[in-house]
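Hi,

Here is the structure I said I would pass on. Have a look at it first, and then read my notes below.

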There are 2 protein chains.
Amino acid sequence: MDREGQELFKAALGIVHEFLATSQDRQNKVVDFKQPAELLALMDLSLRQEGATNAEVLELCTKALHYSVHTAHPRMFNTLFSGIDMVGLSGTLMTSAANTSVYTYEMAPVFNLMEKEVLQTMRELIGWSAGSGIFSPGGSVSNMYGLMAARYRRFPDSKTKGCAHLPQLKIFTSCQAHYSVDKVAILMGLGTDNVVKVKCDHMYWAQQVRLCWQHLIPLDKMADICQAHNVWLHVDGSYGGSCLMSKTHRHLCKGIEKADSVAWNPHKGLHVPFQCSAFLTRHEDILRSMLSLRASYLFQKDKLLYDVSLDTGDMSLQCGRVNDAFKIWLMWKKNGLAWAGREIDRQLGLANYLRDRIRERDGFELVVQDQQYTNVCFWYTPPCLRGVAESDDRKQRLNKVAPKLKAGMVLAGSMMICYQPLGDLPNFMRMVTVSTSATEDDMEFILNELERIGACIQV
Amino acid sequence: MDREGQELFKAALGIVHEFLATSQDRQNKVVDFKQPAELLALMDLSLRQEGATNAEVLELCTKALHYSVHTAHPRMFNTLFSGIDMVGLSGTLMTSAANTSVYTYEMAPVFNLMEKEVLQTMRELIGWSAGSGIFSPGGSVSNMYGLMAARYRRFPDSKTKGCAHLPQLKIFTSCQAHYSVDKVAILMGLGTDNVVKVKCDHMYWAQQVRLCWQHLIPLDKMADICQAHNVWLHVDGSYGGSCLMSKTHRHLCKGIEKADSVAWNPHKGLHVPFQCSAFLTRHEDILRSMLSLRASYLFQKDKLLYDVSLDTGDMSLQCGRVNDAFKIWLMWKKNGLAWAGREIDRQLGLANYLRDRIRERDGFELVVQDQQYTNVCFWYTPPCLRGVAESDDRKQRLNKVAPKLKAGMVLAGSMMICYQPLGDLPNFMRMVTVSTSATEDDMEFILNELERIGACIQV
Ligand SMILES: Cc1ncc(COP(=O)(O)O)c(C=O)c1O
Ligand SMILES: Cc1ncc(COP(=O)(O)O)c(C=O)c1O
């Protein structure tokens, strides 16, 4: 191994240690925001024929971490993942050192068995005694497997003949479904027009505890309807699936065991480092029969050493597949499954705490009175809008508040919270309480900070 | 941060250090192969409600690395990736510590710019002055983008309307194309019957330096035919694309600049840690226009802080997307682009060396007399088959040799080489000379070791 590379690795470890040691300090900024042009002036990112010295690249590494969003910061609430887990990080470290692909038992004997163990545990949590599954590069791809399986189950000869001879297929989903459903419809040749978006207020829908809306999700009833009409039910639990870990809250997913397939991202609320997403189905053979091509150079059926049905490559769209299972296996082994349940309960407790504070505070208004999961959506009304009567004009002005709040917090580096509009509703803040280290005090901080930034907002 | 987690991380680092320090020792086994039942007896992989102690999980971690395939071992030739690069590993380490998603500039300002820099460099190496691209979770997915773009370009309203009203679409590819083309045809609703596999001997084909066959690939001519017939040309350079880095060998890719899109996996011959694959196209807007849905909660157009055209999420099938760009950026920054070219030349030199040794050695026969790239395919004929005249029976017996050789080397742990049949040809060994640390001596070792294992093979 080359000496310079080794030295670089050693120094990189030092930089990472320092970064981690202060990553949860509230004194630090969540992000030291720079414009692209500023960053390019601060860091020479250009690639050239000749290389650089270790000193040069290490300086760039330090800057790269510094100017990145500090996702472990207790006040990073921008996304459905937040915080840091040292067990998970230990897992990534080992995965990187082992650097292998998990398509066959031959290339990844241990990780292959770990993947099977984790997937089986997840299926049991859903309530299935049999089935199959695979880790995929994210919820969008897991949803893709679900929609593919739905088509294949009904029209197995589409695998060879394609869909030109089929009737127009449709996907039914909620108007609040994640946009990956549309992307997959494009990909599969269905087209976005054939994604029927069922209004949430009008009908029950097949989407697991989603973004921000309040739904009493009678998945149970939905599943019965689907069964009666021979419709494949895919539950997008990318975000909400982790709720299954909680003995207290898993009732929110009641009926999920009747679904045909589930997408579930432990890289969100369960803090598994990026990426960790599982596609799960109760149909044992469908993945393999839908995708297998028996590539002779990889999945040799005449292998003498082991049972080739262990190989997963034939069940996946991917060929090479990164080892996403080890880190979650390690976290669940170390912490126990009960830990994950407690963690979900903690996050829900924090969401309820924030909701209660918002209820009692002037200038704040909940979008949903009783949020169901770990997201709390609300408007902050700056002084200039208080007392202004409801009107289209007021709505348009309120719509401009959240982007200004966002710009204010990012420039201050004090916190990061997402905003979005929804249908007719003007932009609101979408707080997600999944951070590993956020506390009730941080919830108070958020509201105070929004007031501070908002005080002088003019819209 | 919890103390136990920190201690686990520290100890995990120690395990990884030890693993890396000996990872290239030829005295070690490439793999200490165990059957699934044996592994399960050696390691308690079960997940339970209660957690485990650090000592328990650390012992499991040590075993996990021990019983994994040692992909850094100089005699690991099983796959199109092999070896270890400490600069790349430093990159993964930092990526893991930063643990973010790269869909927006907001969430990954530095990594977003690095991704752009790497993609632009790759486009320039192809020979395009403009275009776009995205990192994807592997060559199969990069090929998927290419085939999607082909359909979308010709039938842009398929995005909304789907494909039911379209004529039957076909994909033309080589009979030696990677099987991901078929998988994508299933996914896109085209069906495998509509993948036209052009015989390699009969026609030029649009596939970059592939697995093992000898092709003088007149990509150039292929591109002209495609242009004349208004056919999208996607070049699958998942494996061969890295050849573009070499001034001496990039002529093998002549004509690639006329292609519409290219898949290229730096995680293969360029030693970027898993996963690192790029989809590149010379059509600047196609990815965005084909996939964008402008999800209002993520890609807010009213962001006040920066130019939202920097956000890449709207160009991707994925939503969350792991940071695959940093590690390749770091390797190219540190080593320089010229290094990558030298590395490809070294690998090709090694392949030629092995080919020459095979030519002069009894009992070995090349499948392809002059391989074009870093794979050398050959038969080893055990003593029991020497002097046996060509016949179907001999062919069937020869077909059984490679699986036995493979079992022998894996059980001995001495090396790993892939085997495969191809069309009518019986199983042969497919050697790939991409390892970071393999030398000419290792090529001699391979042949000697095959002779040793083969000496007593009875078929
Ligand atoms: C409900 C839901 N589905 C799907 C996704 C997409 O998951 P990924 O980002 O892993 O592609 C998300 C991500 O936020 C989500 O919340
Ligand atoms: C030519 C070619 N195309 C595509 C692929 C698939 O790439 P990935 O394994 O990254 O999905 C491979 C992998 O070996 C390949 O060699």
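What follows is a short tour, from the whole chain down to single residues.

Before anything else, please keep in mind that this is a predicted model. The predictor gives the complex an ipTM of 0.95 and a pTM of 0.95. For chain A the mean pLDDT is 92, and 95% of the residues reach 70 or more. There is one stretch to watch, though: over residues 202-216 of chain A the pLDDT is below 50. That stretch still has 61 contacts in the model beyond near neighbours in sequence. Where pLDDT is low, the predicted coordinates should not be read in detail. I'd leave those contacts alone, then.

Now the overall build. Chain A has 15 helices and 11 strands. Its radius of gyration is 24 Å, close to the 23 Å that the globule rule gives for 459 residues, so chain A is as compact as a globular protein of that length. Along the principal axes, the C-alpha atoms of chain A fill a box of roughly 75 × 65 × 45 Å. As for cover, 67% of the 459 residues in chain A count as buried. Take the contacts in chain A between residues at least 6 apart in sequence: 71% of them join residues at least 24 apart.

On the outside, chain A exposes about 15,800 Å², and carbon and sulfur atoms supply 51% of that area. The charges are worth a glance too: chain A has 50 positive and 49 negative ones, and their mean positions are 4 Å apart.

Next, a helix you might want to find. Helix α8 of chain A covers residues 180-187, and 8 of its 8 residues are buried. Among them are charged names as well as greasy-looking neighbours in the list: Asp182(A) and Lys183(A) are buried, and Val181(A), Val184(A), Ile186(A) and Leu187(A) are buried too. Just after α8(A) comes Gly189(A), with a positive phi of about 85 degrees.Another helix to look at is α12 of chain A, residues 337-359, which holds Arg355(A). Is Arg355(A) buried or exposed? At 12% relative accessibility, Arg355(A) counts as buried, because the cut-off for that is under 20%. Leaving out residues up to four places away in sequence, Arg355(A) touches Leu366(A), Gln369(A), Asp370(A), Gln371(A) and Val376(A). From Arg355(A) to Glu365(A) is 10 residues in sequence and 9.5 Å in space, C-alpha to C-alpha.

For a longer span, go to Gly14(A), in helix α1 (residues 3-21) of chain A. Gly14(A) is partly exposed, with a relative accessible area of 33%. Between Gly14(A) and Gly237(A) there are 38 Å in space, C-alpha to C-alpha, and the two are 223 residues apart in sequence.

Then there is the backbone. Most residues other than glycine have a negative phi, and most peptide bonds are trans. Which peptide bond of chain A is cis? The bond from Phe274(A) to Gln275(A) is, with omega near -15 degrees. Gln275(A) sits in the loop between β6 (261-264) and β7 (277-281) of chain A. Chain B has a cis bond from Phe274(B) to Gln275(B), with omega near -15 degrees, and Gln275(B) lies in the loop between β6 (261-264) and β7 (277-281) of chain B.

Asn230(A) goes against the usual sign: its phi is near 55 degrees, a positive value in a residue other than glycine. You'll find Asn230(A) in the loop between α9 (219-228) and β5 (234-237) of chain A. With 51% relative accessibility, Asn230(A) counts as exposed. In chain B, Asn230(B) has a positive phi near 55 degrees, and its place is the loop between α9 (219-228) and β5 (234-237) of chain B.

Last, a spot where the two chains meet. Ser68(B) is in the loop between α3 (54-66) and β1 (76-77) of chain B, and is buried, with a relative accessible area of 1%. What does Ser68(B) touch, not counting residues up to four places away in sequence? Its contacts are Val110(A) and Phe111(A) from chain A, along with Val30(B) and Val31(B) from chain B.

That's the tour. Shout if anything is unclear.

Cheers

Note on methods: Residues numbered from 1 in each chain as written. Chains lettered and ligands numbered in written order. Predicted model: local features only at pLDDT ≥ 70, side-chain atom pairs only at ≥ 80, totals over all residues. Heavy atoms only, no water. Helix = DSSP H or I, 4+ residues; strand = E, 2+ residues; numbered from the N terminus. Rg over C-alpha atoms; globule rule 2.2 N^0.38 Å. Buried < 20%, exposed > 50% of the residue type's maximum accessible area, 1.4 Å probe, protein only. Contact = heavy atoms within 4.5 Å. Areas by Shrake-Rupley, 256 points an atom, 1.4 Å probe, with all protein chains shown as cover. Lys, Arg positive; Asp, Glu negative; His and termini not counted. Charge placed at Lys NZ, Arg CZ, Asp CG, Glu CD. pLDDT = per-residue confidence, 0-100.
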